[in-house]
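Here is the note you asked for, written for someone who has not looked at this structure before. The points can be read in order with the model open alongside.

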Amino acid sequence: MAPIPVDEMVDGHGGVRPHWRRLLGAISDLGHRELLERGRQMARALHDQTGPVEGAAAGCDPVPLLLTAQEFARLSEGMVQRARVLEATLRDLYGPRTLLADGVLPPSLVYPAPGFLRMGGPVSGAFLDFYAMDLIRGPDGAWHVAADRVARANGIGQALENRRQMTRTLPELFAGREVQPLSPFFDAWQDSLHRLPNLSDRNPGLALLTPGPRGTLWAEHVILARELGCVLAEAGDLAVRDGALWLKTVRGLRRVDVLLLRQDGWTVDPLELEGGSPPGIAGLLDAARGGAVHLVNHPAAGLVEAPGLAAFMPALARRLIGEDLRLPDVPVRWPATYGVEALLANDRKNWWLLDSASARAPSCRLDRAKDSVLAALRRTPDRFVAVEALAPSVMPAIQPGGIEPGAIVLRLFALFDGSGWQVMPGGMARLLPDSDLPPGGPMDRARGGHSITKDVWVTVEDSRNLVGIAAPPMPVLAIRRGQGDLPSRAADDFFWLGRYLEQLEEAGRVLRVLTRRIGRIDGSPRERAELETVLRLAVQIGLLQDESMAGAGFATQVRALAAVTLDSGMPQRLLSEIARVSAGLRDRMTVETFETIVHGTDTLRTQLREARVTGDAGRTLEAIGRVTDSLLRYGATISGLTAENMVRSGGRQFLELGRRIERAGAILASMALILRQKGVSQRGRMEGALRLMLELSDCAITYRSRYFAVFQPAPVLDLLLLDGGNPRGVASQMAMVAEALADLEPSDGTGLASAAGLVMERLRAVVADVLSAPQQDVAAAALPDRLRDIHAALRDVGKQIARRYFVVLTSPRAVGGLRSVDRGEATDES
């Protein structure tokens, strides 16, 4: 008969444990529906905080896991003891290796382990500065260690965000209850990181190595970087020079003294180790050996995650620190010494067979093992370890159908502050899936298709005041202005975010002009010519694929126009790019700006999908018109937020560079296309072309206020190309480009700002030539080639910015899915 799992809320006599009673009353008062809605609110808030990150937790269950102060103290003592044993084990295995020589550990467990690194020299400093431990409460009521986590030890950022969301969304549960806070632990962690380099002459440089926004733990990394004051850096952002580690920023190289590793140890240095994906930093281990950079945790520490090590932990504790383990592991058997036949004689349903060296290797329940696996077990028993599947404790979880019991695993976190270990008074619990999993399996396996976590509360059971840790002495900070430590890759992302936003706005303006004209043609040659011109422009920017709809009927035109709402259409692709790039910049945006982008992209995607399913041509056109208005409002809102919430330098500077270069280029490209149309030099055609240029640039009202109803090329060209007070004109864009570049470049006239000035000189010559021509219409009709040449010079400025300030990327940037031949975009621009 299978053992009955422990209920976290119930004591051994069927009654509710005292520390749960008040919480249960608050839960009962709220009711199932309200708790379910609060849980959804927390899931939405997490989405807004981190963006749509693959692999992020789906939400936090409203019912927390409670630990009494006494119970947490026992767990803390056991965790600190275990951390000491693991550190001593690593010291020996990467040093004298007496544990192997004396037979305490078998070589077949150590050498095949992926976490065992064959490095070129000794390790300076500690192996472990941070440690996480997974625990399961078995049917006996005792906590058992299911796994040690040191290579990534993820989840602490999720734990902090869970606590924040619980405090905001469910304040009723905290009423009248003292819960130990988590922030002092993060303060202590940040202080310990600053003390690691032992610097007295400058502020240490802290960075967190992340695989990037596409990694499943990106949300975790954003939270950690924000809390610890670290720069989020990918491997391409960092380089080893002269034995030290440096961050590539827009101002040059900046020293990194402490690097938090958030990827597998064997991938961090392709010069010494295996390498792999994600990429590493060549020479990193040599810099660490020389003491130039401290790695948290050291990549060699991943060895202790080998599942087979649990079978030897009691012997290691007695040998290395002279103590018995306070926290036992889940029951484990080493077949090489326990005996294969004795193992197979047990109840196989309760045992799992794991690879002894790798926690990521396939595992299976012993009663389901294939004959080939059993043959390998008998042939090489030291390659395997058997782990008993304890029935984890359960506690209530809020599900759509009601409150149901869910099995949980608890993860606790600890840090070494230089003098001793501290355990965070809380942690993260995760609901386990309904299917069988081996103890110590990955915590990110889903329950019912969702990854659901729980906040962990440690109660305060005395009235002593909490005293924070005294801040360490710090050198006086030098005053800084400008970009600071803005990594080149982040600058590149801001630059392209600006370009994507502007491309989306341009698509909205062209789409607005199209919706105004479709179905309203009076049959005149001028109306048909204008529609054909707008259609060619829509094809040029990638909004449409075919311009042949000009002569079709109203319903056919609307059906063709509705193609822009498809997921493969330009607006949806641009929204995807904006969301992706913004997620990578989460740590460098204000909450308001990031949430506006996240909400805006979600809303626009929904509106685009709804616009294509109306079933009626007239309503479809109206729906597309509403989407167009939303696209333009979206761009204007983000522009206002960045202007008000971001300092002029740094990220905003590069975002504005991207927007202004893209907008100026779009104006030049659209003017060149409109003036290139057949017969445009004729008086009626030229007037229509001028009206269309003003309409696309949203400058018609300004022009009429100056010149009433008289349309001439020179005044229109002056307004669109040279008027510095026109925010939709080229001159104002180039002025902002020159201002931003002047702050980045030397003031001796040799920088990129001078190249931007040359663009304006050529535009002034264009307007002057048209103004002095005896027939302005003819002179304007001859401008397309000159405008395209100026556009090419402007693109060259963008390429020079990319080459000078941005890192070389492994893949080209998407340009809204546009045809590079029409836009003139080179794939090597970034």
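With which residue does Arg509 form a salt bridge? The points below take this up after a short overview.

1. Overview. The model is a predicted one. Its chain has 830 residues, and 57% of them count as buried. The secondary structure comes to 29 helices and 19 strands. Among contacts with a separation of 6 or more, 72% are between residues 24 or more positions apart. The accessible surface of the chain is about 34100 Å², and carbon and sulfur atoms account for 51% of that surface.

2. The salt bridge of Arg509. The partner is Glu505, and the closest N and O atoms of the pair are 3.1 Å apart. Arg509 and Glu505 both belong to helix 15, where 4 residues, or about one turn of the helix, separate them. Both residues are buried. In general, side chains of opposite charge can pair when their charged atoms come close.

3. A second salt bridge from helix 15. Glu502 pairs with Arg663, with 2.9 Å between the closest N and O atoms. Glu502 lies in helix 15 (residues 488-517) and Arg663 in helix 21, so this salt bridge ties together parts that are 161 residues apart in sequence. Glu502 and Arg663 are both buried.

4. The network. Glu502, Glu505, Arg509 and Arg663 are linked in a network of salt bridges that also includes Arg512, Arg659, Asp698 and Arg728. A reader can start from the Arg509 and Glu505 pair and then look at the pair of Glu502 and Arg663. Across the whole structure, the search finds 46 salt bridges.

5. A salt bridge elsewhere. Arg82 forms a salt bridge with Asp329, and the closest N and O atoms are 2.5 Å apart. The pair links distant parts of the chain, 247 residues apart: Arg82 is in helix 3 (residues 69-93), while Asp329 sits in the loop between helix 11 (313-320) and strand 11 (332-333). Both Arg82 and Asp329 are buried.

6. Helix 21 again. Ala666 is also found in helix 21, which spans residues 651-675. Is Ala666 buried or exposed? Ala666 counts as buried because its relative accessible area is 11%, and the cut-off for buried is under 20%. Ala666 and Val730 are 64 residues apart along the chain, and their C-alpha atoms are separated by 9.4 Å.

7. Arg580. This residue lies in helix 18 (residues 570-584). Its relative accessibility is 25%, so Arg580 counts as partly exposed. The side chain of Arg580 makes a polar contact with the side chain of Glu577, at 2.7 Å. Arg580 and Leu497 are 83 residues apart in sequence, while the distance between their C-alpha atoms is 9.4 Å.

8. Strand 4 and its partners. Which residues of strand 4 are buried on each side? Leu206 and Leu208 are buried on one side, and Ala207 and Leu209 on the other, so both faces of strand 4 (residues 206-209) are covered. In a regular strand the side chains alternate between the two faces of the sheet. Strand 4 pairs in the parallel sense with strand 9 (residues 258-261) over 4 bridges, and Leu206 stands opposite Val258 there. Strand 4 also runs parallel to strand 5 (residues 231-233), joined by 3 bridges, with Ala207 opposite Val231.

9. Two hairpins. Strand 6 (residues 238-241) and strand 7 (residues 244-249) run antiparallel and are joined by 4 bridges. Ala239 has Trp246 as its bridge partner in strand 7. The hairpin of strand 6 and strand 7 has 2 residues between the strands, and Asp242 there takes a positive phi near 55 degrees. Strand 7 also pairs with strand 8 (residues 252-256), in the antiparallel sense and over 5 bridges. A hairpin through 2 residues joins strand 7 to strand 8. Trp246 has Arg255 as its bridge partner in strand 8, in addition to its pairing with Ala239.

10. Cysteines. How many disulfides does the structure hold? The count is 0. Cys60 is buried, with a relative accessible area of 6%. Cys230 counts as buried too, at 9% relative accessibility.

Key. Residues are numbered from 1 along each chain as its sequence is written. This is a predicted model: local features need pLDDT of at least 70, side-chain atom pairs count only at pLDDT 80 or more; totals for chains, interfaces and linings use all residues. Side-chain values use heavy atoms; hydrogens and water are left out. Two strands pair if DSSP finds at least two bridges between them. Buried means under 20% relative accessible area, exposed over 50%, partly exposed in between (1.4 Å probe, protein chains only). A polar contact is a pair of N or O atoms within 3.5 Å; within protein, one must be able to donate a hydrogen and the other to accept it, and residues adjacent in sequence count only if both atoms are side-chain atoms. A disulfide is a pair of cysteine sulfur atoms within 2.5 Å. Contact means heavy atoms within 4.5 Å. Accessible areas come from the Shrake-Rupley method with a 1.4 Å probe; for residues, only the protein chains shown count as cover. A salt bridge is a side-chain nitrogen of Lys or Arg within 4 Å of a carboxyl oxygen of Asp or Glu.
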